[in-house]
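Reader: I'd like to learn how to read a model like this one, feature by feature. Can we go through it together?

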Amino acid sequence: SIYSRVLTDTEIRNMASDICSNEEENLNSIRSLRWEDIILQERSGSVTEITTGCPSPEEIEAGRQAKMLRLIEERLETFESRLQNTEQELARTKTSLLQSDTKLENVTASLTATQEKLKNSEQELAETKSILNQRLNQTENKLLKNSEQELAETKSNLNQRLENVITSLDENVTTSLKTTQKKLKNSEQELAETKSNLNQRLENVITSLTGTQNKLNDTEQELAETKSTLDQRVNQTEKKLHAVSKSLTTTQVELNATRQELA
């Protein structure tokens, strides 16, 4: 067969694993030329067909159907087993429901009796509540009278304590204010002294800087004079060197002439 794309390693491995492999059937969508079509073409010459021993497509299809039938039978057996279990469970559920109905009737009867007891208890509770309200009102009246007296006494005591606290606070605040004023005066004096010292130091630094600037100006003037002197000396030296060079050149010429004469 000829395919429209390159086969993967897995596809080739599956195809080569068994001569009866059905992998080609799985690749029909990409088969450009099938060997089945080639066999059906007109033949020429001596052609001998060799049986591969592989089942025909009909046998393969029959095998598939047999497998499917066995699978369906197995599933049917499973479903029948589940159905039997479900029926048994349904029977148990019905029995449980009957028992629950009986229990429900008993609970209903008990609930009716409990409701009657509850009504009786509510009547007793209402009577008890009325009695307690009366007693509570009496107790509140007594407590209110006693509380008003205690409140008046407590208010008087609190006012007295408040006056004492205010007096004590006034004394403490006055003392603290005087102390703070003294510290403030001392701090102002120290600040004035520090300012005076800083001004004196600043004047000394300015004087020192002025002297240093004057010395720097003098030094710059001396350097300028020294540079001028050195420039003059360098010019004179260059002139002397030029004269010496000329003299050496003349001497060299004369020496050469003397050598020629001697030769």
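**Reading the model, one feature at a time**

Author: Let's start with one residue: T226 sits in helix α4, which covers residues 57-262. Keep in mind that this is a predicted model.

Reader: Is T226 buried, exposed or partly exposed?

Author: The idea is to look at the relative accessible area: under 20% is buried, over 50% is exposed, and partly exposed is in between. T226 has 43% relative accessibility, so it counts as partly exposed.

Reader: Which backbone oxygen lies 2.8 Å from a polar atom of the T226 side chain?

Author: That one belongs to E222.

Reader: And how far apart in space are T226 and Q99?

Author: For this sort of thing, set the separation along the chain beside the one in space. T226 and Q99 are 127 residues apart in sequence, and their C-alpha atoms are 133 Å apart. You can do the same with V107, another residue of helix α4. V107 and A16 are 91 residues apart along the chain, with 77 Å between their C-alpha atoms.

Reader: Where does V107 fall on the accessibility scale, buried or exposed?

Author: V107 is exposed, because its relative accessible area is 53% and the cut-off for exposed is over 50%.

Reader: Let's zoom out. What elements does the protein have, and how do they run?

Author: Count first, then read the order. There are 4 helices and 2 strands, and from the N terminus on they go β-α-α-β-α-α. The radius of gyration of the protein is 66 Å, well over the 18 Å that the globule rule gives for 263 residues, so the protein is more spread out than a compact globule. Along the principal axes, the C-alpha atoms fill a box of roughly 150 × 140 × 25 Å.

Reader: How many of the residues count as buried, as a percentage?

Author: Just 3% of the 263 residues. The accessible surface comes to about 24,400 Å², and 54% of that belongs to carbon and sulfur atoms.

Reader: What about contacts between residues at least 6 apart in sequence?

Author: Here you ask what share joins residues far along the chain from each other. In this protein, 48% of those contacts join residues at least 24 apart.

Reader: Which residues can show me what a buried position looks like?

Author: Try R31, which is found in strand β2, residues 31-33. R31 is buried, because its relative accessible area is 8%, and the cut-off is under 20%. Its side chain makes a polar contact with the side chain of N28, at 2.8 Å. Not counting residues up to four places away in sequence, R31 touches S1, I2, Y3, E24, E25 and E36.

Reader: Is E11 buried or exposed?

Author: E11 is in helix α1, residues 9-17, and at 13% relative accessibility it counts as buried. The side chain of E11 makes a polar contact with the side chain of R5, at 2.9 Å. Leaving aside neighbours within four places in sequence, E11 is in contact with R5, E23 and L27.

Reader: And R13, buried or exposed?

Author: R13 also lies in helix α1, but R13 is exposed, with a relative accessible area of 54%. R13 and E23 are 10 residues apart in sequence, and their C-alpha atoms are 9.7 Å apart.

Reader: Last one: how many positive and negative side chains does the protein have?

Author: There are 34 positive and 44 negative ones. To see how the charges are arranged, compare the centres of the two sets: they lie 10 Å apart.

Conventions:
Residues numbered from 1 in each chain as written. Predicted model: local features only at pLDDT ≥ 70, side-chain atom pairs only at ≥ 80, totals over all residues. Heavy atoms only, no water. Buried < 20%, exposed > 50% of the residue type's maximum accessible area, 1.4 Å probe, protein only. Polar contact = N/O pair within 3.5 Å; in protein donor to acceptor, adjacent residues only side chain to side chain. Contact = heavy atoms within 4.5 Å. Rg over C-alpha atoms; globule rule 2.2 N^0.38 Å. Areas by Shrake-Rupley, 256 points an atom, 1.4 Å probe, with all protein chains shown as cover. Lys, Arg positive; Asp, Glu negative; His and termini not counted. Charge placed at Lys NZ, Arg CZ, Asp CG, Glu CD.
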